Amino acid sequence: MRIEEIENDIINDLAELGDSISQYTYLIGCAAYCLPMPEKFKLDEYLVKECQVKTWLYTYREKDICYFHADSESLIVKGALALFQEIFHERTVEEIR
């Protein structure tokens, strides 16, 4: 699927849920789909600064493919990160542009 299609699916899913409680529940459910973040990336240098809960982001590129590793102590944040992974993980630089 193209990035735009995935983004539209996510937006439509959230819009169909309507109320914020249902949307939060959806994000919490998405946390289960967050790709496991290798422990070697759970370092202070990858912590999101000024975030209220510990949240790690580590992205890198090998050749033309971008990788998006993330984790959080918050299920809602982790669910949102899972959606970002769905959009950006293992995409080419050109696709992300």
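Here are three short exercises on the structure above, each with a worked solution.

This is a predicted model, in which local features need pLDDT of at least 70, side-chain atom pairs count only at pLDDT 80 or more, and totals for chains, interfaces and linings use all residues. Residues are numbered from 1 along each chain as its sequence is written, and side-chain values use heavy atoms, with hydrogens and water left out.

**Exercise 1.** Find where confidence is lowest and where it is highest in the chain.

*Solution.* Start with the scale: pLDDT is the predictor's confidence in each residue, from 0 to 100. The chain averages 95, and 100% of its residues reach 70 or more. Next, go by element: helix 4 (residues 93-96) has the lowest mean, 92, while helix 3 (residues 75-88) has the highest, 97.

**Exercise 2.** Work out the order of helices and strands in the chain.

*Solution.* Take helices (H or I, at least four residues) and strands (E, at least two) as DSSP runs, numbered from the N terminus. There are four helices and three strands. Reading from the N terminus, the order is α-α-β-β-α-β-α.

**Exercise 3.** Locate tyrosine 46 and list the residues it touches, leaving out those up to four places away in sequence.

*Solution.* First, place it: tyrosine 46 sits in the loop between helix 2 (20-30) and strand 1 (55-62). Then apply the contact cut-off, heavy atoms within 4.5 Å. Tyrosine 46 touches Phe41, Thr55, Trp56, Leu57 and Tyr58. Finally, check one pair: the C-alpha atoms of tyrosine 46 and tryptophan 56 are 5.2 Å apart, with their positions 10 residues apart along the chain.
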